[in-house]
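Trainee: Could we walk through this one together? I'd like to start with the ligand and then look at how the helices pack.

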Amino acid sequence: MSLRLGDTAPNFKAVTSKGEIDFYEFLGDSWGVLFSHPADFTPVCTTELGRTAQLQGEFDKRNVKVLAVSVDPVDKHLGWIGDINETQNTTVEFPLIADDNRIVSGLYDMIHPNASATATVRSVFVIGPDKKIKLTLTYPASTGRNFLEILRVIDSMQLTAKHSVATPADWNQGEDVIISTAIKTEDALKKFPKGVKEIKPYLRYTAQPESN
Ligand code: BEZ
């Protein structure tokens with residue numbers, strides 16, 4: 001049974017490159033990104049884990065804990081992390097789950113048998129502080145993910161969790177946002193002191209509200 005938006009992210013215990021973890025304890029009150037990799041010592045995965053490590057400060061700023069999954073054992077992970085640090089000029093600080101028993105891959109439906117019987121696809125789950133699944137992405141093994149896009153979506157989700165707004169196509173931090181259709185224009189004028197730009201009664205923009 002696949003996991004859908006709004007479902008509770010299943011908890012698990014796992015052995016990782018940073019020792020044993022309980023997923024919920026690891027997350028605490030933070031947001032989380034759980035993402036899978038087909039296998040250790042593969043080129044695309046090497047660049048993906050390296051890119052995530054390079055962006056660690058951006059995840060920290062947003063209060064997001066990162067956790068990777070690969071179906072190889074921990075001794076293999078440790079050797080691979082050495083290669084990632086060396087070739088991608090970074091230091092991987094986040095844990096990499098040793099899912100050789102496929103428990104986490106199974107819980108999160110990361111093995112798609114018609115793509116590969118044994119390797120995980122490139123899944124991404126973004127989990128909110130309430131432990132609900134906020135975003136799912138599935139990429140094929142041959143296509144590396146765009147980690148700036150994952151940060152962009154997290155920015156949108158953190159903003160829209162606090163304010164009655166949505167973000168338009170290709171939105172980036174600092175750009176105008178769309179006012180929820182549930183808010184009447186007269187109320188929007190009070191709620192959004194930076195102004196309301198009405199293009200159509202259902203399409204109204206305001207400047208991005210402050211994040212706090
Ligand atoms: C890679 O990470 O390079 C990769 C992994 C599995 C299949 C194809 C590419």
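Trainee: Which element gives the most to the shell around the ligand?

Mentor: Quick caveat: this is a predicted model, with local features needing pLDDT of at least 70, side-chain atom pairs 80 or more, and totals for chains, interfaces and linings using all residues. Numbering runs from 1 along each chain as its sequence is written, and side-chain values use heavy atoms, without hydrogens or water. The shell (a heavy atom within 4 Å) holds Pro38, Thr42, Pro43, Val44, Cys45, Arg122 and Ala141. With three residues, the top contributor is α2.

Trainee: Which side chain has an N or O atom 3.0 Å from an oxygen atom of the ligand?

Mentor: Val44 uses a backbone N or O atom, 2.6 Å from a ligand oxygen. Cys45 also uses a backbone N or O atom, at 2.9 Å. The side chain you're after, at 3.0 Å, belongs to Arg122.

Trainee: How much of the ligand does the protein bury?

Mentor: Areas here are Shrake-Rupley values with a 1.4 Å probe. Taken alone, the ligand exposes 260 Å², and the protein's share of that is 71%.

Trainee: And how is α2 oriented relative to α4?

Mentor: Their axes (lines fitted to C-alpha atoms over the stretch in contact, angles 0 to 180 degrees between N-to-C directions) come within 9 Å and cross at roughly 70 degrees. Since 65 to 115 degrees is the bracket for that label, α2 is to α4 roughly perpendicular.

Conventions
Helices (H or I, at least four residues) and strands (E, at least two) are DSSP runs, numbered from the N terminus. Angles under 35 degrees count as roughly parallel, over 145 as roughly antiparallel, 65 to 115 as roughly perpendicular and the rest as oblique. A polar contact is a pair of N or O atoms within 3.5 Å; within protein, one must be able to donate a hydrogen and the other to accept it, and residues adjacent in sequence count only if both atoms are side-chain atoms.
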